[in-house]
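Here's a quick walk through how some helices and strands fit together. Have the viewer open as you read.

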Amino acid sequence: MMDEKILLRKKLQKRLEKTLTEDDEEILGEIDRMLLEEKELSLAQRLSLQSELYAAVRRLDVVEELLQMPGVNEIMINGYDRIYIEENGQLRRWEKSFVSRERLEDVIQQIVAGCNRVINTSMPLADARLSDGTRIHAALPPVAVDGPVLTIRRFPQKSIDMDELIRLNTLTGDVACFLQKLVRSGYSLLIGGGTSAGKTTFLNALAASIPAEERLITIEDTAELRIPGERNLVRLEAKNANLQENRAITIRDLIRAALRMRPDRIIVGEVRGEETIDLLQALNTGHEGSLSTAHANTPRDMISRLETMALMGMDMPLEAIRRQIASGIDIFVQLGRGKDKKRRLMSVAEVDGFKDGQVALHMLYERDWAEDVLKKTGELKHCEKWEREKNVHEDYV
């Protein structure tokens, strides 16, 4: 049946090329006429094929079906005939495919154009997002050696809150309560983890604990955060250069702009380059309680990455950068995946100042993999912000 569907899609595309129509009703009519010619099809098959063929020419083709499947959170298209998905935490190859490389390119162009972005052989990489927040990354030749590549990261329509993360066993209730109180008290947190460790989801869940009266500015490459409630909130998104306007608006530009918008807290979706120095300077100039994420495998690795990325943005002594990290960031939260591939909170580390030329860390929670539980390994040392919020402090003790 799969080969028959591919033949039908090719047959429909040839018909539409002759008519040159873009009217939805005429396209549906052409699909119905073509299916009536297929005498052996049942009514149920005709209805199913009508929807599938329409998606193939007017929507996102075979991707449309995957976007409707609730368990699929990652779609990896390595070529028109090689599609992989991550469904409920398990990676597998999907049986369907595009009819041709050209059709995959058409879908990529459709997605990117809908987000006011450009992708071509001169600008072969593009980041975009769909209206529901789904994240898109596309690559074309010459950088994509074997043909067009499309990677789609889906996010739940309903934001995952801390209660849901507890239910999913990402962390325990007592650790969640502790982190939420840290956020309310104004501690600056950096969330680390590898690719698809759940950093953005966790950041979104933590940001919900920020007091509603505070003014927030979110800064992202692609807008994904959905902080609940009626808030004094400004959302900023970076912009790539295009052929008409050769000026890109970077995360670094947006951090600098945010400082002129009277923020109480700045939330940067992810630091990955020279903007790190601007964030550190913001944290050290009165914007405590800010949140961000970074790619790293351990809290110590996170510090090394911050040092390297800060040096990309400004040539300054390494000791000066380490002092800025030690005074600007209070808590490192580390995420990862367990042996079952499910997301877990791995550790929570407190920054214990600048000692012996290094950023000192004090572990508060660490995961015991033998029992797959988070265990408390230390008490919070720096309680100044905590004690400033008397009601929070009283709850904790």
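What follows covers a sheet, the helices lying across it and one enclosed helix.

## Ground rules

This is a predicted model, with local features needing pLDDT of at least 70 and side-chain atom pairs counting only at pLDDT 80 or more, while totals for chains, interfaces and linings use all residues. Numbering starts from 1 along each chain as its sequence is written, and side-chain values use heavy atoms, with hydrogens and water left out.

## The sheet

Helices (H or I, at least four residues) and strands (E, at least two) are DSSP runs, numbered from the N terminus. Strands pair if DSSP finds at least two bridges between them. On that basis there's an open sheet of 9 strands with mixed pairing, in the order β9-β8-β10-β11-β7-β12-β13-β14-β15. β9 (232-237) and β15 (373-376) sit at the edges with a single partner strand each, so one side of each has no neighbour in the sheet. Neighbouring strands are turned by 25° against each other on average, direction ignored.

At the β15 edge, β14 (residues 358-368) and β15 run antiparallel, joined by 4 bridges. R367 stands opposite L374 in β15.

## Helices across it

Angles run from 0 to 180 degrees between N-to-C directions, with axes fitted to C-alpha atoms (for helices, over the stretch in contact); contact means heavy atoms within 4.5 Å. Helix α7 (residues 173-185) lies across β7, β10, β11, β12, β13, β14 and β15, at about 45° to β13. α12 lies across β12, β13 and β14, at about 120° to β13.

## An enclosed helix

Why is helix α10 (residues 275-283) largely enclosed by the rest of the structure? Because 8 of its 9 residues are buried, meaning under 20% relative accessible area (exposed is over 50%, partly exposed in between; 1.4 Å probe, protein chains only). Among them are E275, D278 and L283. The buried residues of α10 pack against α9, β10, β11, α11 and α12.
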